[in-house]
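Got the model open and not sure where to begin? Let's pick one charged side chain, follow its partners, and then wander over to a pocket.

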Amino acid sequence: MREGRTPRERLRKANPVDPNDMPAPDSPAPRALLDRIVTSGPGRQARGRPRRRPYVRVLVPVALLGAIAAGYGIFSEVRQPLIGVCFEEADVKADRAVVSVSSRELIKACAALWEPGGPFHAAGAAVPPLTDCVLGSGAVAVFPVLPGKDTCAELGLAPPAEPGGAGDGAAIVQLQEALSGRFLASCVGEEEALALVRQEFERLRLADWRVVVPRPFGGEACASVAIDPARRVVELVPIPPP
Amino acid sequence: MYVGDREAAFREIYVAHYQRIAAYAHRRTSQPEDADDIVAETFLVAWRRFEDVPGGDLTLPWLYGVARRVLSEGRRSSLRRDRLVARLGRLWGRTDARMNPYDRWDDRQIVHQALARLGPDDRELLRLAEWEELSNVQLAVVFACSVNAIAIRLHRAHRRFGLELRALDREAAILNPNVGGQLG
């Protein structure tokens, strides 16, 4: 037991992970990662300016899969948790990173990527002014502002929450905002959740959307939601009461 | 430096330190996906800033420093997700040691709880010193301070850790007499 052992010895013994238990660097996954990194192009010094594309090729899938798997991993049907996309330039083909926050916090989360240590950071450069737009998929994206221009319009994208509505893209953003705010704030039961979602469909004129409830839902469970723009479905997700 | 030299040198660093960085990331995250993300991001930074990576014994602490920043940036956004996972885990009857640290009062959990009671810098310093086995010189690279300052901070962190551990030993002995805490 602990008799006779110093705190330092006990601390060393409590090390939860032995490096030797980690995959060897020549095993498939680490090798694949290494190959992706070195084939993604040289870094800052060799090319004269920062190259961000390596982040795109490696981190976007990792972050996206991580967010989906960790956030909603046990619900295989769910396709869009609360994630957004940060673009390094005002160009839909520019390097990007996926972050898993509510759209309310998305601009703030994206701004952090330009700060020292972040993937978009360049020495001496400040965080640029940012704006959010809605991608064709319904996901919210953040871009650096094009000076003197309507950035979303220049990119052929809809602005979020445009007064009067700007098609499904903006409506989906409003739906996500309304439902996530309501469902994260307190425990909402199944019946109330159904009513709330249908009410939002009506308010946002999402006539061909439907809400799906998994069975059994659980009488004591609170509802959370997952939005699937591709199927035009909002799925109620049962979570335990706080 | 030729591109080929650069790549070869980077591959050497990757092979030499991959497991240490992976272990570091896994020790500090609850989700394997998050740990993989930290490892990928850390080595991507090293590749992009390869000319900034110090050689010799200082390579590893430099990588730890990057991983530490990557981790702290990702932590905020993962808090909400962790809470949701914890709630889902309870609903579906899953067990997860990180959510139930006191289901067994074994020594490892007492030590981890004592660590959790420390401030973040003390905690990180002790883990890097005892789990990653960094020297004071290497720790000075991670924390960007002098070796003397590290020695003092480490001494104080050990002292605070010892006090917390002793307090927890007493609690454990009271709550679960079978464990037999190290009283005294």
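In this predicted model, B:D121 has a relative accessible area of 39%, which makes it partly exposed. Find it in helix 5 (residues 120-130) of chain B and look for its partner B:R68, which sits in helix 3 (residues 59-91), 53 residues apart from it along the chain. The two form a salt bridge, with the closest N and O atoms 3.3 Å apart. Like its partner, B:R68 is partly exposed, at 24%.

Why can a pair like this form? Side chains of opposite charge can pair when their charged atoms come close.

B:D121 has another salt bridge, this one with B:R153, where the closest N and O atoms are 3.8 Å apart. Here too distant parts of the chain are linked: B:R153 belongs to helix 7 of chain B, and 32 residues separate the pair. B:R153 is partly exposed as well, with a relative accessible area of 27%. Step back a bit and you'll see that B:D121, B:R68 and B:R153 belong to a network of salt bridges that also takes in B:R27, B:R28, B:E124, B:R127 and B:E132.

Over all chains, the structure holds 18 salt bridges. One of them joins B:D169 to A:R10, with the closest N and O atoms 2.8 Å apart. That pair crosses between chains, running from helix 7 (residues 147-175) of chain B to helix 1 (residues 7-13) of chain A. Buried or exposed? B:D169 is buried, at a relative accessible area of 2%, and A:R10 counts as buried at 2% too.

Now for the second largest pocket, which holds about 240 Å³ of space. Its lining has 13 residues, and those nearest the centre are A:A29, A:P30, A:L33, B:Y18 and B:D36. By type, the lining splits into 10 nonpolar, 1 polar and 2 charged residues. Which helix gives the most? That's helix 2 of chain A, with 5 residues.

Take a closer look at that helix. Its buried residues are A:P30, A:L33, A:L34, A:I37 and A:V38. Viewed down the helix axis, they fall within an arc of 120°, so they line one face of helix 2 of chain A. On the other side, A:P28 and A:A29 are exposed.

Helix 2 of chain B also supplies at least two residues of the pocket lining. This helix is mostly covered, with 14 of its 17 residues buried. At 1.5 Å a residue, helix 2 of chain B (residues 32-48) should span 24 Å, and its end C-alpha atoms are indeed 24 Å apart.

Methods: Residues are numbered from 1 along each chain as its sequence is written. Chains are lettered from A and ligands numbered from 1 in the order in which they are written. This is a predicted model: local features need pLDDT of at least 70, side-chain atom pairs count only at pLDDT 80 or more; totals for chains, interfaces and linings use all residues. Side-chain values use heavy atoms; hydrogens and water are left out. Helices (H or I, at least four residues) and strands (E, at least two) are DSSP runs, numbered from the N terminus. The expected span of a helix is 1.5 Å times one less than its number of residues. Buried means under 20% relative accessible area, exposed over 50%, partly exposed in between (1.4 Å probe, protein chains only). On a 1 Å grid over the protein atoms alone, a cavity is a set of points where a 1.4 Å probe fits but cannot get out, and a pocket is an open set with protein on both sides within 12 Å along at least five of seven lines; lining residues have an atom within 4 Å of a point. Grid points are joined across faces, edges and corners, and a volume is the space filled by probe spheres set on the points. Ala, Val, Leu, Ile, Met, Phe, Trp, Tyr, Cys and Pro count as nonpolar, Asp, Glu, Lys and Arg as charged, and the others, Gly among them, as polar. The arc is that of the directions from the helix axis to the C-beta atoms. A salt bridge is a side-chain nitrogen of Lys or Arg within 4 Å of a carboxyl oxygen of Asp or Glu.
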